[in-house]
Amino acid sequence: RGLKWLVQAQAANGGFGSGTHARQDIVDPHAVSADPATTAMVGMALLRLGNSLEKGEYSDQLKRATEYILDQVEKSPKGAINITTLTGTQIQSKLGANIDVALAAQFLTNLSAKLDEQQPMKLRAMRALNTCVGMIQRSQNSDGSVQGDGWAGVLQSSFAANALESAKSIGADVDDEALDLARNYQKSNFDVEQGSVATERAAGVTLYAVSGSSRSSAMEAREVNEVIVKARKEGKVKADAPVSVKALEDAGYSKGEAEKLNTAYNVYTAAKSQAQDENVTSGFGNNGGEEFLSFLQTGESLVIAKDDGWKNWYQQTTGRLVSIQNQDGSWNGHHCITSPVFCTATSLLILSVNNDIEHLLEQGAVKYKN
């Protein structure tokens, strides 16, 4: 029902829109301008629900959305840090002025990963992805966050970090220092020893910060888990040895690498627990697009980390979503990002995350120590 409602919201130019922050009362998807951020979310939902450029019930809608995104990227000026001249959209106002390029990069990664090398669109999509990667890296602040903070700018920075990580996994031109800086910024929002969360750039909402922290540390947490299990089997560390800097050194890492991975593991473990706490999942008090995005990040982090807890998260979160679905099949936010198009796309990404486990694991693939 949600998918049927969503595809009917497509504009004549192939894009999808959320509307402006100033006119949130306009909920008709055909009465607003298309924007890249919303189009990218819809495109990712269509991909996750089994559509491709060649097949699927909504293949044509995906092709048109892809053309819209590619056109936006290819028309952007050299040296720019975003792919659109639109300003004041709901998504930009709440997540950050440069959220469009971060979400477009993630969409292009997901699309490119599913295209054969011989597919005519492959080269064009990868060129556009590299353009987006360059924009994200140019817009990066010295602390690893992204310029143009919105109401909950930590989410923009989190999605930018995710975009760099996944783009690197398919061979895009990602600078390793920029990726490390982006991940470290997300980790720094969570103090493991104190159990405290920095929410200054998360609109004071713990959920937004911890979901980003868990998502950005998930890949490294998975590496730690698998390396320690292997080291225990080989007798490099004791069978009952907990994860620690020493255990990671014994497994073959340098002291610096071990300290970095141990921090990521501790951040992931603590942040994913908080992100699923009932007092935290309430977010701003009711569901806006930011809550839906946070739920999505938490779920994807659990999948990437190969965390068995994802099944419990999935049952609870999908139950919550089904209970608040509108009669017409859509979802909408009740504060901040209220757009039914954006919220429906994000909800569908959550509901269908089990379709994308293999792809998410490939994005989180790492090389382990011998």
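**Exercise 1.** In this predicted model, determine which side chain is joined to that of Asp-356 by a polar contact, and describe the setting of Asp-356 in the chain.

*Solution.* Start with the side chains: those of Asp-356 and Arg-48 are joined by a polar contact of 2.9 Å. Next, widen the search to contacts in general, leaving aside neighbours within four places in sequence, and Asp-356 is found to touch Arg-48 and Lys-114. Then place the residue along the chain, where Asp-356 lies in the loop that runs between helix H15 (340-351) and helix H16 (357-363). Finally, consider accessibility: because the relative accessibility of Asp-356 is 5% and the limit for buried is under 20%, this loop residue counts as buried.

**Exercise 2.** Describe the length and the surroundings of helix H13 (residues 289-304).

*Solution.* Helix H13 comprises 16 residues and spans 22 Å from its first C-alpha to its last, which is close to the 22 Å expected at 1.5 Å a residue. As for burial, 16 of the 16 residues of H13 are buried, so the helix is largely enclosed by the rest of the structure. Just beyond the helix, Lys-306 adopts a positive phi of about 55°.

**Exercise 3.** Work out how H13 is oriented against H15, and which residues meet.

*Solution.* The axes of the two helices, H13 and H15, come within 9 Å and cross at roughly 20°. Because angles under 35 degrees count as roughly parallel, H13 is roughly parallel to H15. The crossing in which H13 passes H15 is left-handed. At the residue level, Gly-289, Phe-292, Leu-293, Phe-295 and Leu-296 of H13 meet H15 residues including Phe-342, Cys-343 and Thr-346.

Definitions and conventions:
Residues numbered from 1 in each chain as written. Predicted model: local features only at pLDDT ≥ 70, side-chain atom pairs only at ≥ 80, totals over all residues. Heavy atoms only, no water. Helix = DSSP H or I, 4+ residues; strand = E, 2+ residues; numbered from the N terminus. Buried < 20%, exposed > 50% of the residue type's maximum accessible area, 1.4 Å probe, protein only. Polar contact = N/O pair within 3.5 Å; in protein donor to acceptor, adjacent residues only side chain to side chain. Contact = heavy atoms within 4.5 Å. Expected span 1.5 Å × (residues − 1). Axes fitted to C-alpha atoms, helices over the stretch in contact; angles between N-to-C directions. Parallel < 35°, antiparallel > 145°, perpendicular 65-115°, else oblique. Left-handed = near helix turned anticlockwise from the far one by under 90°.
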